[in-house]
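Got the viewer open? Here's a walk through the model, one selection at a time.

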Amino acid sequence: VKFVGEKNYEHGSKDKTGVLITNLGTPDAPDAKSLRKYLNQFLSDPRVIEIPKFLWQIILKGIILQVRPRKSAANYKKIWTDNGSPLLDISKKQIQGVKKVISLKYPNIEFALGMRYGNPSIESALQDLQNRQVRRLLVLPLYPQYCAATTGSTFDEVTNILQTWRWIPELRFINQYFEE
């Protein structure tokens, strides 16, 4: 196993908490190529499609990814804004709003946005927080209810990435924020 981030923590460093805010994701652009990549990642997740992988990959690659990206791209073009994907734009604004309020009282909190599928990825967001030497990590998926295909899959992705780190931050995962 190759560990990443060998220099991601130094004893005696400033106590920082990272908040990883996640959402489902979005394609990089409203075109068939971007939708194909996004849909392949999304629909290949065993938490999303719970049928035998071999059979599903034949259906996915042979039929769905040949037809659906063009149709979906047309729909994405209808909602795409000058700032790009509405979900990504809104998620960035949410982080800025939360950061503005929280940082006044808690200056040692670092924020990052990671999408379960697409970009910015959960992996790149975690890497960003690791580079900022967070010692504690709070993962906050912004889903309106718990579902294995969303919250469960996000947990899988976060923990799969953390398995490659030599030093693991303390971890707290909020799986039902909507109840508060």
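Start by selecting Pro120, which sits in the loop between β2 (109–118) and α4 (122–131). Look at the peptide bond leading into it: from Asn119 to Pro120 the bond is cis, with omega near -5 degrees. Keep in mind as you click around that this is a predicted model, so that cis bond is a feature of the prediction.

While you're around α4, hop over to Gln133, in the loop between α4 and β3. Check its backbone torsions: phi is near 55 degrees, a positive value in a residue that isn't glycine.

**Zooming out**

Now show the whole chain as a cartoon. How many helices and strands does the chain have? There are 5 helices and 4 strands. Colour from the N terminus on and you should read the order β-α-α-α-β-α-β-α-β. The radius of gyration is 18 Å, close to the 16 Å that the globule rule gives for 180 residues, so the chain is as compact as a globular protein of that length. If you draw a box along the principal axes, the C-alpha atoms fill roughly 55 × 40 × 30 Å.

Switch to a surface for a moment. The chain exposes about 10,700 Å², and carbon and sulfur atoms supply 56% of that. Of the 180 residues, 41% count as buried. For a charge view, colour the 26 positive and 17 negative charges: their mean positions are 5 Å apart. And if you like contact maps, take the contacts with a separation of 6 or more: residues 24 or more positions apart account for 74% of them.

**The strands**

Hide the helices and select β1, residues 17–26. Which strands does β1 pair with? On one pairing, β1 and β2 run parallel, joined by 9 bridges. On another, β1 pairs with β3 (residues 136–141), again in the parallel sense, over 6 bridges.

Pick Ile21 to see both pairings from a single residue: its bridge partner in β2 is Leu113, and its bridge partner in β3 is Leu140. Step along to Thr22, and you'll find it opposite Gly114 in β2. As you step, keep a general point in mind: in a regular strand the side chains alternate between the two faces of the sheet.

Next, carry on from β3 to β4 (residues 170–173): these two run parallel as well, with 4 bridges between them. A handy pair to label here is Val139 and its bridge partner in β4, Phe173.

Bring the rest of the chain back and see how covered these strands are. In β1, 9 of the 10 residues are buried, leaving the strand mostly covered. In β2, 10 of the 10 residues are buried, so that strand is largely enclosed by the rest of the structure.

**A charged residue inside**

Stay in β2 and select Arg116. Is Arg116 buried or exposed? The relative accessible area of Arg116 is 10%, and buried means under 20%, so Arg116 counts as buried. Now display what surrounds it. Leaving out residues up to four places away in sequence, Arg116 touches Asn23, Leu24, Gln41, Asp45, Ile122, Tyr143, Ser153, Thr154 and Glu157.

From that list, click on Asp45, in the loop between α1 (32–43) and α2 (53–79). Asp45 has a relative accessible area of 6%, so it too falls on the buried side of the 20% cut-off. Beyond its neighbours within four places in sequence, Asp45 is in contact with Arg116, Tyr117 and Ser153. For a ruler check, measure from Asp45 to Arg136: the two are 91 residues apart in sequence and 27 Å apart in space, C-alpha to C-alpha.

**Last stop**

Finish with another residue in the loop between α1 and α2, Pro52. What is the relative accessibility of Pro52? The value is 58%, and exposed means over 50%, so Pro52 counts as exposed. Put the two loop residues side by side and you have Asp45 buried and Pro52 exposed. One more distance to draw before you close the session: the C-alpha atoms of Pro52 and Gln94, 42 residues apart along the chain, are separated by 37 Å.

Notes: Residues are numbered from 1 along each chain as its sequence is written. This is a predicted model: local features need pLDDT of at least 70, side-chain atom pairs count only at pLDDT 80 or more; totals for chains, interfaces and linings use all residues. Side-chain values use heavy atoms; hydrogens and water are left out. The radius of gyration is taken over C-alpha atoms; the globule rule is 2.2 Å times the number of residues to the power 0.38. Buried means under 20% relative accessible area, exposed over 50%, partly exposed in between (1.4 Å probe, protein chains only). Contact means heavy atoms within 4.5 Å. Accessible areas come from the Shrake-Rupley method with a 1.4 Å probe; for residues, only the protein chains shown count as cover. Lys and Arg count as positive and Asp and Glu as negative; His and the chain ends are not counted. The place of a charge is taken as NZ of Lys, CZ of Arg, CG of Asp or CD of Glu. Two strands pair if DSSP finds at least two bridges between them.
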